[in-house]
Structures are given as C-alpha cells and as structure tokens.
Amino acid sequence: MKDWYCKMIDVDVLIVGGGIIGCSAARELSKFNLNVVLMEKETDICSGQSKANTAIIHGGYDAKPGTLKARYNVRGNRMFGRLCKELDVPLRWNTSLVLAFSEKDVPQLEALRQQGIRNGVTGLSIIGRDEINRREPHVSKKTVAALLSKQSGILSPFKFTIANAENAAENGVVFHRNAEVFGIKREESKWIVKSTIGTFRAKAVLNCAGVYTDTFNNQVSAVRYEILPRRGQYYLLDKKYAKQFHASIFQLPTHMGKGTVISPTVDGTVLVGPTAEDIMNRDDTRTTVEGLKKVFSSGKKIWEELPLQDAIKSFAGVRAHCNQNDFILGEAPDAPFFFNALGVESPGLTAAPAIALDLARQVSERLHATCKMDFQPFHHSIPTFEGMREKQKRRICTEHPGDEVIVCQCEGVTRWEIREAIRRPVGARTIDGIKRRVRAGMGSCQARLCAIQINEILEEELTSTFAHTALKFK
Ligand SMILES: Cc1cc2nc3c(=O)[nH]c(=O)nc-3n(C[C@H](O)[C@H](O)[C@H](O)COP(=O)(O)OP(=O)(O)OC[C@H]3O[C@@H](n4cnc5c(N)ncnc54)[C@H](O)[C@@H]3O)c2cc1C
C-alpha cells in the first residue's frame, strides 16, 4: 500500500499511450492551461497500430451509418487538410477505388455508395471499365466497375503522429517513454497511476493504450469491454513502382474488414495488404508464410503482375478490435474523469483528429480549464538536406563540417537530418525512431548498409544529451 505513494507526481491530465490518438489528444490538450503528461511503454511513440497500417485517410463510405466509426471517420477526414498544413506533414488526396470483378458485385458498390451518402460523404460515384482504365491502367482487366471516392487520401502515419507529439511538447506537454503504466485506481477524487517510472496523481486520465485499452478500462469501470486482437500482414514494394497506381485500390469489404488493398504511399513505395486474422497475443506482430501467401494471392486479383520479387519488406500490425465492434469514446459512466479511446481500429487513423478534439474538449470542460493564449499551432518538420536552399546548405557545411555527408544511400538522408531527428523534442532514440522521422534505413536495403553509422550518430548524440542532462541536475 505504502509503495503506491513513493515518488508521487501531481498532474492535471495523464495520457496512457503515445499512438496517433494519444499524441493528437496531447496536442489538443496543449491548447489549455493544463499540466499534461503522456506515458508510452515503448522506447518511442508511434510504436503500436499507428506505425503499422495502410496509411489511408478513408472517405467514410465503409462504416455502418449511426456508428461512432462512421461519424468520426467523416469528421476526421475533413480536418486533415488544415492539420497537415499546421504540422507541415505531406498529404495527398489520391482518391480511392473499390473494385467489382463481376456484374453480380456491382449492386454492392451501389450499396456502399448509398451508405457513404448516409454518412455524409461527398464525391462518390460508380465508374465503368473505360474510366477505370483511364485512371488506373495497371488494374486487373477483369474489373467491370468501381466505386470512386474523391475524398480519400494518404499520408505518413509516423510523420503525422510524431508532428502532433513534437508540437504538443513545444506547447508544454511532457512525454515519458519507456514508461509503462500498470495500475490505475481512484483515491480521494484523484486517479493514482502506477508506472515503471513512478506514481502519478492525476485529476483526469485518458486511456489511449491501443490494444491494451480494455485492461485499463476494466480496472476502473464495471462496464467491461474486450479487445480481440486482429492482425494484418503486408508487403511493401520498392519505389520503382511509385507511379504504378494513383489511387488506393480496394476490393469489396467483408465482415472481417476492408480486404486487401494496393495503395501508393506518400514516400513512393507501394503497400499490399493487410490480412485480417484473429489472434491470441496482442503483441504478435510477426508475419507468417501463410499470411503473406494470402496477401500475394489476394493482391494479384487487383494487380495481376504483382512483382513480389521487388518487395523490400514485410510487416504486420495488430488492430484493437473491440467486442462491441465500434469505438468506445469519452468518460466512463461509472469512473469520473476517466476517458476512453477504446477499440480504435480502422478507420482510427482517419478519425484521430476528431476523436482528439472531442476528448480534449470533454476533459477541459470537466476540469474547467482555460485556453492558453500563447498556444503555437505551427510546427516545422525536418527539411531534407537536398531540398534546402544553397545558402542554408553552405551554413550547415561551415558550422557542422561532415553533416552534409549522405548516410542512407537509398533514401539520400544526410548526417544532419539524422542529428535533427535525435535533437527534436520527443526525438528519436533508436534506429527505428530515425527511420520513422527521416526515412534513413527505409529504402530498398532496409538499413543493411547504414545501420552501423546511424547507431554511431545515435550514440554520439545521446551521450552528449545525457551528459548535458546530468550536468544540469548536478
Ligand atoms: C493493419 C491495420 C491497418 C490499418 N489501416 C488503417 C487505414 O488505412 N486508415 C485508418 O484510418 N486506420 C487504419 N488502421 C487503424 C489505425 O492504425 C488505428 O486506429 C490507430 O493507429 C489507433 O491509434 P491508437 O493511438 O489508438 O493506438 P496505438 O497506435 O496502438 O497506440 C497505443 C500506444 O499505447 C501504448 N501502450 C499500451 N499499453 C501501455 C501501457 N501500459 N503504458 C504505456 N503505454 C502503453 C502502446 O505502446 C502504443 O504506443 C489500421 C490498423 C491496422 C492494425
């Protein structure tokens, strides 16, 4: 019992989980005069579902009308344009197609279109073979019709999540990584949150722990939920296919989800997947021979010449599928000041801005928080060395000789960009963290050639950061 109180830290709001929901909520909450901390159990933020998904901003025709998935999908979709400008994150409205391979499937396309209209989606139409061919000449010739959604897009989920976190940190939110929360209980009108880095006393808690959201909800509320982990496996194809497809291309959805997609990424690679497999272990992000075979055979229905030999990587993500088959959002009915973002599976990336906005609004109202007058909405992402003006390049060469040297040959990433990724607020601490921020190691060799150099830079930078921190606390 006494143990619960050692190293007690008082905060207004504690967010559990640094995925897209936790980081977006952190940014929204940083608009208020609140003392906010975010706890992430992994070495870096964006380590759960938010790092392993199809990266599509869904139009909103797929979710059942009346569900929270439908409502937040459509609202979130409309927020990305402004947010990506504020956060300096590339976004492409590349449209999407759902294909029908036989005449008997066409009524299902029309049903999806009608469903989309009921959800408030605009820009939906059914197109025929000629129009499909004009838009996407590499799609299977067996396609007879498609649902076109003009309001669909793609972005880097890593960059968007990290930009939200960095901007939240710039506006005062404190991020703790390697900080696992393992117990939450209510005492004297506060939440006592026990973690691997100490015990916190919070006025409000935001449960954004992805596949573990049910665990925390069930610790504090009698209204119980269960997360049924559902894995999705992918292939990622080389950038030489960057121009192969313009749109994200779907097959008709099934009861398990949206089916296999072929989608370009904003970085020029092509995603093929995901599978939908119910699994027992929430952390099981392994790929399997059987799963990848399914991705290949299903992907070939869309792209008959699918060039598997040019896959540079396979990976998997685990969806936080809730037994209620919808998002569970907001304050738990019997746990005051405990807010859930539970069961946020697809279209959770699309819905994230709207979920974060509503959660922050609810929390700030309950805590009677006032708006911060000096909130800074604009964030600058790390520029590529190649894209810089000559004057800026010369300055870096003079001030930091050697930093202009390219470390990642595949993606053309310099030493300077890698250092920046480490030095940023909520900066990278691992090779994976560097990959997600500046793409060093994301190319065709998958860091085989640059991992040692990246590690050396990490070691140099982090040793000096820790030495500096140690000096400050001496
Ligand atoms: C295969 C797949 C494809 C998808 N495709 C799309 C798509 O194309 N478009 C779309 O809109 N959505 C898509 N989604 C859904 C989207 O990725 C998720 O809805 C979204 O990423 C959920 O974000 P989150 O922050 O809730 O969860 P997560 O990203 O999982 O974040 C939760 C975080 O909590 C941390 N955590 C857990 N337990 C603890 C603890 N005890 N203490 C501290 N931290 C903890 C985890 O480490 C993790 O970082 C897809 C999902 C998957 C898996």
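1. A quick term before we start: two strands pair if DSSP finds at least two bridges between them. With that in hand, look at the open sheet of three strands, where the order is 3-8-4 and the pairing is antiparallel. Strand 3 (56-57) and strand 4 (91-92) sit at the edges, each pairing on one side only. Between strand 4 and strand 8 (residues 153-155) there are two bridges, in the antiparallel sense. One of the residue pairs to look for here is Leu91 with its bridge partner in strand 8, Leu155. Do keep in mind throughout that this is a predicted model.

2. Now to the ligand. How many residues surround the ligand? The count is 39, and the closest are Glu40, Ser50, Ile56, Val344 and Thr350. By type, the shell splits into 18 nonpolar, 15 polar and six charged residues. If you want to find your way by secondary structure, helix 1 (20-29), strand 18 (311-322) and helix 8 (348-366) each supply at least two residues of that shell.

3. Where does the ligand lie with respect to the domains? Domain 1 (2-50 + 158-226 + 325-366) and domain 2 (90-154 + 229-320) both give residues to the shell, so the ligand lies between them. Note that both domains are listed in several segments, so follow the numbering with care when you colour them.

4. Some backbone contacts with the ligand are worth picking out. A polar backbone atom of Ile20 is 3.2 Å from an oxygen atom of the ligand. For Thr54, a polar backbone atom is 3.2 Å from a nitrogen atom of the ligand. Glu345 has a backbone N or O atom 3.3 Å from a ligand oxygen. As for cover, the ligand on its own has 1,000 Å² of accessible area, and the protein covers 97% of that.

5. Strand 18 deserves its own look, as one of the elements that supply the ligand shell. Nine of its 12 residues are buried, so strand 18 is largely enclosed by the rest of the structure. It runs antiparallel to strand 13 (residues 227-237), and 11 bridges join the two. Among the residue pairs, Arg231 has Val318 of strand 18 as its bridge partner. His321 also belongs to strand 18. Is His321 buried or exposed? At 8% relative accessibility, His321 counts as buried, because the cut-off for buried is under 20%. The C-alpha atoms of His321 and Val211 are 7.9 Å apart, although 110 residues separate the two along the chain.

6. Next, strand 20 (338-342). Five of its five residues are buried. Side chains in a regular strand alternate between the two faces of the sheet. In strand 20, Phe338, Asn340 and Leu342 are on one side, Phe339 and Ala341 are on the other, and all of them are buried.

7. Which strands pair with strand 20? Strand 12 (residues 198-207) does so in the parallel sense over three bridges, while strand 19 (residues 328-331) does so in the antiparallel sense over four bridges. Asn340 is a handy residue to click on: it is the bridge partner of Asn207 and also of Gly330. The hairpin of strand 19 and strand 20 has six residues between the strands, and in it Phe337 takes a positive phi near 70°.

8. A few backbone oddities. Most residues other than glycine have a negative phi, and most peptide bonds are trans. Asn178, with phi near 55°, is in the loop between strand 9 (174-176) and strand 10 (181-187). At a relative accessible area of 46%, Asn178 is partly exposed. His368 has a positive phi of about 50° and lies in the loop between helix 8 and helix 9 (390-399). His368 is exposed, with a relative accessible area of 69%.

9. There are cis peptide bonds to check too. One runs from Gly273 to Pro274, with omega near 0°, and Pro274 is in the loop between strand 16 (270-273) and strand 17 (277-278). Another runs from Ser346 to Pro347, with omega near 10°. Pro347 is placed in the loop between strand 20 and helix 8.

10. Last, helix 10 (residues 415-423) is mostly covered, with eight of its nine residues buried. The buried ones include Arg415, Glu417, Arg419 and Glu420 as well as Trp416 and Ile418.

Terms used
Residues numbered from 1 in each chain as written. Predicted model: local features only at pLDDT ≥ 70, side-chain atom pairs only at ≥ 80, totals over all residues. Heavy atoms only, no water. Near = heavy atom within 4 Å. Polar contact = N/O pair within 3.5 Å; in protein donor to acceptor, adjacent residues only side chain to side chain. Areas by Shrake-Rupley, 256 points an atom, 1.4 Å probe, with all protein chains shown as cover. Nonpolar A, V, L, I, M, F, W, Y, C, P; charged D, E, K, R; others polar. Domains from an automatic or database assignment. Buried < 20%, exposed > 50% of the residue type's maximum accessible area, 1.4 Å probe, protein only.
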